[in-house]
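Hello! Here are some notes to read with the structure open beside you. Take the points in order and find each residue as you go.

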Amino acid sequence: MKTLHDDRLDEKQLSTRTAFEGRLLHLYVDQVKLPNGNDSTREYILHQGAVGILPVMEDGSMVFVKQFRYPVHSVIYEIPAGKLEKGEEILPSAQRELSEETGLTADHWTRMTSIVTTPGFTNETIHLFLATGLHQGKMHPDADEFLQVEVIPEEKVKQMVLSEDIFDAKTLSALLLYFLKKEAC
């Protein structure tokens, strides 16, 4: 992921303090100097990063997981995904998450992009991959994960995006890139 700077826009950190340390999230409050010379406060969450995988079957169907997401109080369709473990490399994390959540392994892995999810308050970066050459194995989700795997034909996926049945940002990002690259070929 590229990092861009512009002296007319960059903010300078003056101080930082930890407001909360959780298992997944770490909340900080910083004092910053704005480009106009004024001081301000920034609250933000540090996140260790994550991976998301768009598994595409030989016939073009795509593999999704459905799960209840507590913060939005809804069951949603998502690509398989999960957080990076401490010290874990990105591709092995993607391979682990695909296997855990779907039981699938893949012969071919293509890095699609990295996205920042909500840069207004977190540094969470999700690294997106395309997985093809899929082989079915046995799911082994985390003890607190309850998932349903669904294989959906490409045309139905497009309809689900347009009807807002698929509304998860990482999933929409992966699908957009996949369809754009497919169209360009």
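Which side chain meets lysine 158 in a salt bridge?

1. The partner is glutamate 155, with N and O 3.4 Å apart. Please keep in mind throughout that this is a predicted model. Both residues sit in helix H2 (residues 154-162), and because they are 3 residues apart there, about one helical turn separates them. Lysine 158 has a relative accessibility of 31%, so it counts as partly exposed.

2. Now look at the wider set of charged pairs. The whole structure holds 13 salt bridges. One of them joins aspartate 39 to lysine 33, whose closest N and O atoms are 2.9 Å apart. Lysine 33 is partly exposed, since its relative accessible area is 31%.

3. Another pair is worth tracing along the chain. Glutamate 150 and lysine 66 form a salt bridge in which the closest N and O atoms are 3.3 Å apart. This pair ties together distant parts of the chain: glutamate 150 belongs to strand S10 (residues 148-152) and lysine 66 to strand S5 (residues 62-69), 84 residues apart. Lysine 66 counts as partly exposed because its relative accessibility is 21%, and the cut-off for buried is under 20%.

4. Salt bridges can also join up into a group. Here Arg69, Glu78, Asp168 and Lys170 are linked in such a network. Try selecting these four residues together: Arg69, Glu78, Asp168 and Lys170.

5. Next comes helix H1 (residues 90-102). Its 13 residues reach 18 Å from the first C-alpha to the last, close to the 18 Å expected at 1.5 Å a residue. The buried residues of H1 include Ser93, Ala94, Leu98 and Thr102, and also the charged-type residues Glu97, Glu100 and Glu101. The buried residues of this helix pack against several strands, among them S4 (50-55), S7 (81-83) and S10. Just after H1, glycine 103 adopts a positive phi of about 85°.

6. What is the nearest side chain of opposite charge to glutamate 124, and how far away is it? The answer is lysine 170, at 7.6 Å; glutamate 124 is buried yet has no salt bridge. Glutamate 124 lies in the loop between S8 and S9. Its side chain does make a polar contact, at 2.8 Å, with the side chain of threonine 117. Leaving aside residues up to four places away in sequence, glutamate 124 touches His47, Ala50, Ile115, Val116 and Thr117.

7. Helix H3 (residues 169-184) is a good place to check a length yourself. With 16 residues at 1.5 Å each step, the helix should span 22 Å, and its end C-alpha atoms are indeed 22 Å apart. In H3, the buried residues are Lys170, Thr171, Ala174, Leu175, Tyr178 and Phe179. Seen down the helix axis, these buried residues fall within an arc of 155°, so they line one face of H3. Leu176, Glu183 and Ala184 are exposed on the other side.

8. Finally, zoom in on tyrosine 178, which is located in helix H3. Its relative accessibility is 13%, so tyrosine 178 counts as buried. Not counting residues up to four places away in sequence, it touches Leu54, Val56, Met62, Met112, Leu130 and Glu154. By contrast, tyrosine 178 and glycine 120 are 26 Å apart in space, C-alpha to C-alpha, and 58 residues apart in sequence.

Terms used: Residues are numbered from 1 along each chain as its sequence is written. This is a predicted model: local features need pLDDT of at least 70, side-chain atom pairs count only at pLDDT 80 or more; totals for chains, interfaces and linings use all residues. Side-chain values use heavy atoms; hydrogens and water are left out. Buried means under 20% relative accessible area, exposed over 50%, partly exposed in between (1.4 Å probe, protein chains only). Helices (H or I, at least four residues) and strands (E, at least two) are DSSP runs, numbered from the N terminus. The expected span of a helix is 1.5 Å times one less than its number of residues. Contact means heavy atoms within 4.5 Å. A polar contact is a pair of N or O atoms within 3.5 Å; within protein, one must be able to donate a hydrogen and the other to accept it, and residues adjacent in sequence count only if both atoms are side-chain atoms. The arc is that of the directions from the helix axis to the C-beta atoms.
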